[in-house]
Amino acid sequence: MNHDSEFMSTVGRKEPSQIPIGTNVVEGYKASMDGDGLRILDHLPQIIERGAAALTPAEKELLKWVGVFFRKPSPGKFMMRIRMPNGFSRSNQLRTIAELSRRLGNSVLDITTRQQIELRGFTLDTVPEIFEKLRGVDLRTLQTGIDNVRNINGCALAGLTPHELFDASPVVHELDRIIVGHKGNPEFTNLPRKFNITVTGCTDNCTHCESQDIALVPAKKAGRFGFNVLVGGKMGSGGFTVASPLNVFVEIFQAAAVVVELIKIYRDFGPREARSKCRFAFLIEEWGVRRLRAELVARFGHELAFQGRDMRGSTHADHLGVSSQKQANLSAVGLCIPTGRVNPDQLDELARLADVYGNGEVRLTTGQNAIIPNVPGERVAGLLAEPLLKQLSPRPSPFVRGLVACVGTDYCNLALIETKSRAIALSEALHNKIGSGANPLTIHWSGCPAGCGNHQAADVGLRGFKARVDGKIVDAVAIYTGGRTGPHAVAGQEILETVPCDEALPDVVANVIRSYRFEMEAKEHAGLTDPLFTAAATAGLASWRTSRVLAPPGGVA
């Protein structure tokens, strides 16, 4: 699917040195590399020879262009982020990652909300060997951090689920080839800030499209299948901004070209001053969607079709459990990996099960989980009886099923509290307090305002910070409720400003969940009894009731 020569505009083509230089410190670091952070690779032998203790602030940032991350909580030990477009992986890749983690790392691996794996605890001198081993199984770490297009998301069951309008994964892989390729692409290594993309043909809202800088969502226009384009979503830098419709419909073969040109517009015109104001959303805030669309049309030299009918449904799928594929007699088995953390033995066993019961494929999800697809019907029972599935259950507790947590203070430079073990402990306490018969709900933890745990896109979100309570500095969370992505996306609203992470936290959250469920049931009842609401929902306008948040008497919603 390569229509670059027909649809790729050359208007946005610039050499790295021609791109504007901003005023923040990272812009200066990029300028030292003539606008291409990938050039840090030329300096890698000297950096390794000097050792981790001699790293300059610039080198600590520039190494992120090749996927090597200095971690303040673990001095001398680094993290590597592996690029895995659409969350697709193979058993031999997982075995290689497990072996590297066991032999060179600290045996801690994390599946992220961007459907990729982070390798932890290795030393700087092992980087060349890790690069070589990953290349041997067609994996790379280029452009996975800082001012680059991050791992591109998509439906984990793309090409397999009967609930997709079409398989969108070829677009994801085409974009990855253009933007990164095997050696990196300097055309896309000097963005003003990080850039997140999701491309999906799934109608079940299994990805967080509305939090992305660009999202392509399944649509139909005049009998043709394609995508509607959403722009300007984000999680951090001031909170969840819901992506806006660009009023553009693109057919599948045009999709990569449109996304590439939008990235170039951001590269050429995006703000480059205060880092907290450099996301694509802030350029759109300054320009407006109409001007952005006009610039895109100008670069193509012809009008683009206006948006089509959004074909997504109102439900959200996590692809856990046993799901029938559209291929006859084949199923996908989704396994819950609480907070995404695994060890090398678990990853090795996951790879083995994929070979024995499937075809060697493993798909990673935005919920930090894993799926073994292409399991023949007669083998499903055997897979479900495997010991690993006692640890990584396809039928988890309702308080673990939708659990997501960022890395937290264990390994993150920005985190303010520990998240992963605390998230699991809270979910276990909620299971004991509320029971296993409750409907599943999403519970997302972010260890800081950056929002890597997508806390404002969950039924219940927790954002960590330090607070002074009774004269002592303690770990605390702000609690949010009502967040969701999808066609009726809305940012979760903060309902409790400061809740210490102490023994009372489970009781507080349990009460929040009971109140939240009561409110949801009341809204459902209103939908059944209010003809106006029912009509609005039928027309796809059910969000009209929640478009404005009212502060309760004497408080802030």
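Is Gln143, at its relative accessibility, buried or exposed? The first legend below takes up this question, and the close-ups that follow move on to other parts of this predicted model.

**View 1. Two glutamines in loops have a positive phi.**
Gln143 counts as buried, because its relative accessibility is 0%. This residue lies in the loop between α6 (127–135) and α7 (169–179), and its phi is positive, at about 55°, although Gln143 is not a glycine. Most residues other than glycine have a negative phi. Gln368 can be viewed alongside, since its relative accessibility of 3% means that it, too, counts as buried. Gln368 is found in the loop between β14 (361–364) and β15 (370–376), and its phi, near 70°, is a positive value in a residue other than glycine.

**View 2. A pair of aromatic rings links helix α8 to helix α9.**
A pair of aromatic rings is described by the distance of the centres and the angle of the planes. The count of aromatic pairs in the model comes to 7. In one of them, the ring centres of Phe269 and Trp287 are 5.2 Å apart and the planes stand at 55°, which lies between the limits of 30 and 60 degrees, so the pair is described as tilted. The two residues belong to distant parts of the chain, for Phe269 is in helix α8 (residues 255–269) and Trp287 is in helix α9 (residues 280–287), 18 residues apart. Phe269 counts as partly exposed, because its relative accessibility is 40%, whereas Trp287, at 12%, counts as buried.

**View 3. Helix α8 is largely enclosed by the rest of the structure.**
Of the 15 residues of α8, 14 are buried, and this is why the helix is described as largely enclosed by the rest of the structure. The length of α8 can also be checked: at 1.5 Å a residue, its 15 residues should span 21 Å, and because the C-alpha atoms at its ends are 21 Å apart, the two values agree.

**View 4. Phenylalanine rings, a cluster and two charged side chains.**
Phe70, Phe78 and Phe122 are linked into a cluster by ring pairs. Phe70 has a further partner in Lys60, which lies over the face of its ring, at 4.2 Å from the ring centre. A second ring with a charge over it is that of Phe88, where the charged end of Arg363 sits 3.8 Å from the ring centre.

**View 5. Strand β8 pairs with β7 and with β9.**
Strands of a sheet pair through backbone hydrogen bonds, either parallel or antiparallel. Strand β7 (residues 214–221) and β8 run antiparallel and are joined by 8 bridges, with Phe227 in β8 as the bridge partner of Pro218. These two strands form a hairpin with 2 residues between them, and Ala222 in the turn has a positive phi of about 50°. β8 is also joined to strand β9 (residues 244–251), again in the antiparallel sense, by 5 bridges, and here Glu251 in β9 is the bridge partner of Gly226. Strand β8 (residues 224–231) is mostly covered, with 6 of its 8 residues buried.

**View 6. An open sheet of 5 strands has a helix lying across it.**
The strands of this open sheet follow the order β16-β17-β18-β19-β20, and their pairing is mixed. β16 (402–405) and β20 (493–500) stand at the edges, and because each has a single partner strand, one side of each is left without a neighbour in the sheet. Neighbouring strands of the sheet are turned by 25° against each other on average, direction ignored. Strand β17 (residues 442–446) and strand β18 (residues 460–469) pair in the parallel sense over 4 bridges, and Trp445 stands opposite Leu462 in β18. Helix α14 (residues 420–434) lies across β16, β17, β18 and β19 (472–481), and runs at about 160° to β16.

**View 7. Ile513 is a buried residue of helix α15.**
Ile513 is found in helix α15 (residues 505–529) and counts as buried, because its relative accessibility is 0%. Leaving aside neighbours within four places in sequence, Ile513 is in contact with Phe399, Leu430, Ile434, Leu441 and Val460. Asn359 gives a sense of distance within the model, as Ile513 and Asn359 are 154 residues apart in sequence and 40 Å apart in space, C-alpha to C-alpha.

Technical notes:
Residues are numbered from 1 along each chain as its sequence is written. This is a predicted model: local features need pLDDT of at least 70, side-chain atom pairs count only at pLDDT 80 or more; totals for chains, interfaces and linings use all residues. Side-chain values use heavy atoms; hydrogens and water are left out. Rings of Phe, Tyr and Trp (its six-membered ring) pair if their centres lie within 6.5 Å; planes under 30 degrees apart count as stacked, over 60 as edge-to-face and the rest as tilted. Buried means under 20% relative accessible area, exposed over 50%, partly exposed in between (1.4 Å probe, protein chains only). A charge sits over a ring if NZ of Lys or CZ of Arg is within 6 Å of the ring centre and within 35 degrees of the ring normal. The expected span of a helix is 1.5 Å times one less than its number of residues. Two strands pair if DSSP finds at least two bridges between them. Axes are lines fitted to C-alpha atoms, for helices over the stretch in contact, and angles run from 0 to 180 degrees between N-to-C directions. Contact means heavy atoms within 4.5 Å.
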